[in-house]
Amino acid sequence: MEAPESTTTQEVQITPIEQYAATAKKVFIGSMVAAVILATMWLITQGGATKARKDAITSSAISRIDSFDDEAKAERAESTAAMALCGTYIASGVAGLSCVAFIGSSMLVAYKKS
């Protein structure tokens, strides 16, 4: 014989605005993490780009032939640093927009519940 289920589960109805607030919160947290990671990456690559530029200047003073390779390395390092900085700006913008969306929708949820 099968025992009847004694516990009943109550389903909580989530309104669309509550779902929007939860999604905005997840996007905010994710974009903040991405911004921190990209900013750290920019700091690391910026140091490498500075060193590569110094090496290019030093090699151009010593030999013209080696300076072309070092110049190309410096340009690649600088473009990588610029891409990381661009990503940081984009992630920061997304974080700002999602923060505003989260705060606005949370205020609307609180207003509807009161």
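What share of the contacts in the protein chain with a separation of 6 or more is accounted for by residues 24 or more positions apart? The share is 77%, and the legends below, which all describe a predicted model, begin with the whole chain before turning to individual sites.

**Figure 1. Overview of the protein chain, which contains two helices and zero strands.** Helix α1 covers residues 16–62 and helix α2 covers residues 64–113. Of the 114 residues of the chain, 20% count as buried. The accessible surface comes to about 8700 Å², and 67% of that surface belongs to carbon and sulfur atoms. Searching the whole structure for salt bridges gives four, and some of these are shown in later views.

**Figure 2. Close-up of the salt bridge between Glu-18 and Lys-113.** The closest N and O atoms of Glu-18 and Lys-113 are 3.1 Å apart. Because Glu-18 lies in helix α1 and Lys-113 in helix α2, the pair ties together parts that are 95 residues apart in sequence. Lys-113 has a relative accessible area of 64% and is therefore classed as exposed. As a general point, side chains of opposite charge can pair when their charged atoms come close.

**Figure 3. Close-up of the salt-bridge network that links Arg-53, Glu-71 and Glu-78.** In one pair of this network, the side chains of Glu-71 and Arg-53 meet with an N to O distance of 2.5 Å. This pair links distant parts of the chain, with Glu-71 in helix α2 and Arg-53 in helix α1, 18 residues apart. Arg-53 also forms a salt bridge with Glu-78, for which the closest N and O atoms are 3.0 Å apart. Here too the pair links distant parts of the chain, since Arg-53 belongs to helix α1 and Glu-78 to helix α2, with their positions 25 residues apart in sequence. Arg-53, with a relative accessible area of 23%, is partly exposed; Glu-71 is likewise partly exposed, at 28% relative accessibility, and Glu-78 is partly exposed at 33%.

**Figure 4. Close-up of the largest nonpolar core, which has five residues.** The members of this core are Ala-49, Ala-52, Ala-56, Ala-74 and Ala-77. Helices α1 and α2 are the elements that give two or more residues to the core, and the largest share, three residues, comes from α1. When residues up to four places away in sequence are not counted, Ala-77 touches Thr-45, Gly-48, Ala-49 and Ala-52, and of these partners Ala-49 and Ala-52 are also listed as members of the core.

**Figure 5. Close-up of Ala-56, a residue of helix α1, and its surroundings.** Ala-56 counts as buried because its relative accessibility is 1%, which falls under the 20% limit for that class. Leaving aside residues up to four places away in sequence, Ala-56 touches Asp-70, Glu-71 and Ala-74. Of these partners, Ala-74 belongs with Ala-56 to the largest nonpolar core, whereas Glu-71 takes part in the network of salt bridges with Arg-53 and Glu-78. Ala-56 and Glu-71 are 15 residues apart in sequence, while in space their C-alpha atoms are 5.2 Å apart. The view thus places a buried alanine in contact with a glutamate that is itself partly exposed.

Notes. Residues are numbered from 1 along each chain as its sequence is written. This is a predicted model: local features need pLDDT of at least 70, side-chain atom pairs count only at pLDDT 80 or more; totals for chains, interfaces and linings use all residues. Side-chain values use heavy atoms; hydrogens and water are left out. Helices (H or I, at least four residues) and strands (E, at least two) are DSSP runs, numbered from the N terminus. Buried means under 20% relative accessible area, exposed over 50%, partly exposed in between (1.4 Å probe, protein chains only). A nonpolar core is a set of buried Ala, Val, Leu, Ile, Met, Phe, Trp, Tyr and Cys residues joined through side-chain atoms within 4.5 Å. Contact means heavy atoms within 4.5 Å. Accessible areas come from the Shrake-Rupley method with a 1.4 Å probe; for residues, only the protein chains shown count as cover.
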